[in-house]
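Please open the structure in a viewer and keep the selection tool at hand. The tour goes from one selection to the next and says what is there.

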Amino acid sequence: MINLQETHNNPPSAMRGFIKTVLLIITMDVTSGQISIQPIPQSPVINGSVTLSLSGINEMLDSVTWYKGQDSFPWLFIVKYSPGSSTIFPGKQHNDRISVFINGSLHIKDLQITDEGRYKAEIYRGKPSENVNVILTIYEPVTKPKIIGSITQTKENDPLTLTCNTSHAIRWTRNRINIPPGAKLSGDNKTLTFSRVNRGDAGEYRCEAENIASTSASDPYTVTVAYGPDKAEIKISVLVKPGSSITLTCSADSYPPPEYQWKVNGTGSKEKSNKYVINNDITEDEGQYTCVVRNPVTLRNATDSVYVNVTAEFGNVCEDSTGHIYGLAFGSILGILLIIVISVYLYRKCLTKRRNGSTKNGEEKIHDYQNDMAAEPREDPSYMGLESNTEDIYTELQH
């Protein structure tokens, strides 16, 4: 027999580690009067703890005896506790993981699967004993799941399967939100399958496993999708002056970052970066420059070319251009002046034509008279006088 008060103040070494006396506040059912045993928590796990709590007791107990089983055999006896004397009597099923609370409830720590089973409590409170039973179930906590991918390096349009190595209920997330719409779950939720993965499916995937007692999530599994290069592009000013420097810059949309190779007039060069620099250009540097972009995973290539024109007369380009501009301007001015002259000439001709329309009869008379005069012989000595008179008549008719 062990006195709880004595062992609390000065516990013997043989009992140290398994006697535990604490105050446990239990909500009592004072109306029904029915005694029951409630496991707290309801779903205990291995290596956790549980309290088989007595409820429905509203008066002082004489004693409580616990058994591991449904019978009161001595070999099933765990412990007997008398609240009045604060003493406990350990039995054959007692161990240092078991203790009794002051209200008679049984507490078990460091739970093992062997702790599962039926427990019986015999309660004495001034009358014949009352027996209550409870079946204790111990759950294994969910082990941390792990995601395994069907391939380590995923290329765009390849199939991909992710497997969560757990047998419990599973939830999948990507970047802590819903999985992509193109992914399909198996019936048991253990596998996530992509028939053709695309670059938008990349991200951190997690699977969560749970049972009635616990929940656990996997470490993130990062899916990277290799793609491209989709397009190569070279940027440069293609007209350069001898002696200057030029830089060709090649770019392409690709993951992982691509490899670069440069060709000059179809011949490979030693340059392997995305830039090709030419210092102190000479006319021999002129030609076709080609950038070849290669993705080391997808093995796809993309190219772009540009023709670099190294102009020896580059320094006189402005002067020649100015001469051409002046020539064009001068020619344009001459053209405009010619148009103006022609327009004025046509305009004046039009006015003259209109004026001639009003004096047509007089001119016809003059014309007839001149024809008559021209028909007569000029041997007449008075010809000079007639000619003078003719001019006077012509002037008079005009007025």
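Which residues of the largest nonpolar core touch the most other members? This is a predicted model, and the first stop is that core. Select Ile37, Leu52, Leu54, Trp66, Leu106, Tyr119 and Ile123: of the 26 residues in the core, these touch the most other members.

Next, show the strands around that selection. The elements that give two or more residues to this core are strands S3 (50–55), S4 (63–67), S5 (77–82), S7 (98–100), S8 (106–108), S9 (117–124) and S10 (130–136). A second, separate core has 18 residues, and Val264, Cys291, Val293 and Ala302 are among them. Keep Cys291 in mind, as the tour returns to this residue of the second core.

**The open sheet**

Now select strands S2, S3, S8 and S7. In that order, S2-S3-S8-S7, they form an open sheet of 4 strands with antiparallel pairing. Which strands are at the edges? They are S2 (36–40) and S7, and each of them pairs on one side only. Direction ignored, neighbouring strands of this sheet are turned by 20 degrees against each other on average.

Zoom in on S3 and S8. These two strands pair in the antiparallel sense over 3 bridges. To look at one bridge, pick Val50 and then its partner in S8, Ile108.

**The disulfides**

Move on to the cysteines. How many disulfides does the structure hold? There are 2. With bonded cysteines counted along the chain, the disulfides follow the pattern 1-2, 3-4.

Select Cys164 and Cys207 for one of the disulfides; the distance from S to S is 2.0 Å. Cys164 lies in strand S13 (residues 160–164) and Cys207 in strand S17 (residues 203–210), so this disulfide ties together parts that are 43 residues apart in sequence. Look along the S-S bond of Cys164 and Cys207: the torsion about this bond is about 70 degrees, so the disulfide is right-handed.

Are these two cysteines buried or exposed? Cys164 is buried, with a relative accessible area of 0%. Cys207 is also buried, and its relative accessible area is 0%.

Then select Cys250 and Cys291, which are joined by a disulfide with an S to S distance of 2.1 Å. Here Cys250 belongs to strand S23 (residues 246–252) and Cys291 to strand S27 (residues 287–294), so the pair ties together parts that are 41 residues apart in sequence. The torsion about the S-S bond of Cys250 and Cys291 is about -90 degrees, so this disulfide is left-handed.

A surface view can be added at this stop. Cys250 has a relative accessible area of 1% and is buried. Cys291 counts as buried as well, at 0% relative accessibility. Cys291 is also the residue named earlier as part of the second core.

**The whole chain**

Finally, clear the selection and show the whole protein. Its secondary structure comes to 4 helices and 28 strands. What share of the 399 residues is buried? Buried residues make up 32% of them.

Switch to a surface display. The accessible surface comes to about 24,500 Å², and 53% of this area belongs to carbon and sulfur atoms. Among contacts with a separation of 6 or more, 58% are accounted for by residues 24 or more positions apart.

Technical notes
Residues are numbered from 1 along each chain as its sequence is written. This is a predicted model: local features need pLDDT of at least 70, side-chain atom pairs count only at pLDDT 80 or more; totals for chains, interfaces and linings use all residues. Side-chain values use heavy atoms; hydrogens and water are left out. A disulfide is a pair of cysteine sulfur atoms within 2.5 Å. Buried means under 20% relative accessible area, exposed over 50%, partly exposed in between (1.4 Å probe, protein chains only). A nonpolar core is a set of buried Ala, Val, Leu, Ile, Met, Phe, Trp, Tyr and Cys residues joined through side-chain atoms within 4.5 Å. Contact means heavy atoms within 4.5 Å. Accessible areas come from the Shrake-Rupley method with a 1.4 Å probe; for residues, only the protein chains shown count as cover. Two strands pair if DSSP finds at least two bridges between them. Axes are lines fitted to C-alpha atoms, for helices over the stretch in contact, and angles run from 0 to 180 degrees between N-to-C directions.
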